[in-house]
Amino acid sequence: STSTLDKPALLKADFDGVYVPSGAVLTLPADGADLNQVTTWSLGAWVRVDKVAKGTTVLEFKQGATSRLKIATGSNCSGQAVEVTFADGATLQQTDCSHVLTSGAWQFIGVVQDTDTRRLELDGAQVAGVGKASAALLWQASDEAAARSLVVTGGTALGWSALFDRALAAD
C-alpha cells in the first residue's frame with residue numbers, strides 16, 4: 001500500500017530568493033513525512049549547472065551511503081543529455097536532443113514515477129520514459145535509520161526542489 005503525504009516534502013528552504021550552492025548536502029528531517037511506502041511520486045528541481053559535461057552528477061538522493069536516485073549528464077546529445085539512475089538499477093536516458101542542459105542556465109528537471117511508467121522531463125518537455133516501472137521505493141524501509149539526503153554536486157546550484165507523493169504532469 002502507499003501512504004499519503006499531507007504536503008510535499010520540501011528539500012530546501014520554503015521561501016523565494018534562496019538557492020543552494022554547489023557542494024551542499026541537504027538532510028531530510030528524521031521526523032519528516034514517511035516516504036518509505038510511497039511508490040508513486042514526482043521530483044521537481046530548478047537547477048543551474050555551471051559547466052555541462054558528459055558524466056557530471058547534478059543531484060543525488062542518498063540513504064546513508066547508498067545512492068537511491070542520481071541525476072547526471074549522459075553521453076547522448078554531445079554530453080548535454082540528462083540521465084537518471086534509480087536504486088533498482090533502471091535508468092532513463094534522454095535521446096530527444098531538442099531540449100538539453102545548457103551551461104549557466106536555470107532549468108527545470110522533473111522525474112516522475114507512477115504505477116505504470118517512469119519519465120524524465122526537462123523544461124516541461126518529456127525527454128525520456130519507460131513503461132512498466134518497477135514498484136521500487138525511493139527510500140528503503142529496511143534502512144530507515146540511515147540519514148536521507150540530497151547532494152548538490154557538479155557545479156550545480158539548486159534553486160528549488162520538492163518531492164510529491166503523486167505523479168504530476170507538465171500540463
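Two strands pair if DSSP finds at least two bridges between them. Keep that in mind for the sheet on this tour. The model on screen is predicted.

**Stop 1: the whole chain**

Show the whole protein chain as a cartoon. How many helices and strands are there? The chain has zero helices and 12 strands. Read along the sequence, the pattern is β-β-β-β-β-β-β-β-β-β-β-β.

Now switch on the surface. The protein chain exposes about 8,200 Å². Carbon and sulfur atoms supply 50% of that area. Of the 171 residues, 44% count as buried.

Think about contacts next. Take those in the protein chain with a separation of 6 or more: residues 24 or more positions apart account for 64% of them.

**Stop 2: the six-strand sheet**

Select S2, S11, S4, S5, S6 and S7. They form an open sheet, in exactly that order, with antiparallel pairing. Which strands sit at the edges? The edge strands are S2 (25-27) and S7, and each pairs on one side only. On average, neighbouring strands of this sheet are turned by 10 degrees against each other, direction ignored.

**Stop 3: strand S11 and its partners**

Select residues 148-152, which make up S11. S2 pairs with S11 in the antiparallel sense, over three bridges. Pick Val-25 and look across to S11: its bridge partner there is Val-151.

Now add residues 57-63, strand S4. Five bridges join S4 to S11, and the two run antiparallel. Pick Leu-59. Which residue of S11 is its bridge partner? The partner of Leu-59 is Val-152.

Show the side chains of S11. In a regular strand the side chains alternate between the two faces of the sheet. Here Arg-148, Leu-150 and Val-152 point one way, while Ser-149 and Val-151 point the other way. Are these residues buried or exposed? All are buried. S11 is mostly covered, with five of its five residues buried.

**Stop 4: the disulfide**

A disulfide is a covalent bond between the sulfur atoms of two cysteines. The count for this structure comes to one disulfide. Select Cys-77 and Cys-97, which it joins, with 1.9 Å from S to S.

Where do the two cysteines sit? Cys-77 is in the loop between strand S5 (66-73) and strand S6 (82-86). Cys-97 is in the loop between strand S7 (91-93) and strand S8 (106-113). The pair links distant parts of the chain, 20 residues apart.

Look along the S-S bond. The torsion about it is about -85 degrees, so the disulfide is left-handed.

Compare the cover on each end. Cys-77 has a relative accessible area of 13%. Buried means under 20%, so Cys-77 is buried. Cys-97 has a relative accessible area of 41%, and is partly exposed.

**Stop 5: the aromatic rings**

A search of the whole structure finds three aromatic pairs. Select Trp-41 and Phe-86, which form one of them. Their ring centres lie 6.5 Å apart and their planes are at 50 degrees, so the pair is tilted.

Trp-41 lies in strand S3 (residues 41-49) and Phe-86 in strand S6, so the pair ties together parts that are 45 residues apart in sequence. Are these two residues buried or exposed? Trp-41 counts as buried, at 3% relative accessibility. Phe-86 is buried too, with a relative accessible area of 6%.

For the last selection, pick Trp-46, Phe-108 and Trp-160. These three form one aromatic cluster.

Technical notes:
Residues are numbered from 1 along each chain as its sequence is written. This is a predicted model: local features need pLDDT of at least 70, side-chain atom pairs count only at pLDDT 80 or more; totals for chains, interfaces and linings use all residues. Side-chain values use heavy atoms; hydrogens and water are left out. A disulfide is a pair of cysteine sulfur atoms within 2.5 Å. Helices (H or I, at least four residues) and strands (E, at least two) are DSSP runs, numbered from the N terminus. Buried means under 20% relative accessible area, exposed over 50%, partly exposed in between (1.4 Å probe, protein chains only). Contact means heavy atoms within 4.5 Å. Accessible areas come from the Shrake-Rupley method with a 1.4 Å probe; for residues, only the protein chains shown count as cover. Axes are lines fitted to C-alpha atoms, for helices over the stretch in contact, and angles run from 0 to 180 degrees between N-to-C directions. Rings of Phe, Tyr and Trp (its six-membered ring) pair if their centres lie within 6.5 Å; planes under 30 degrees apart count as stacked, over 60 as edge-to-face and the rest as tilted.
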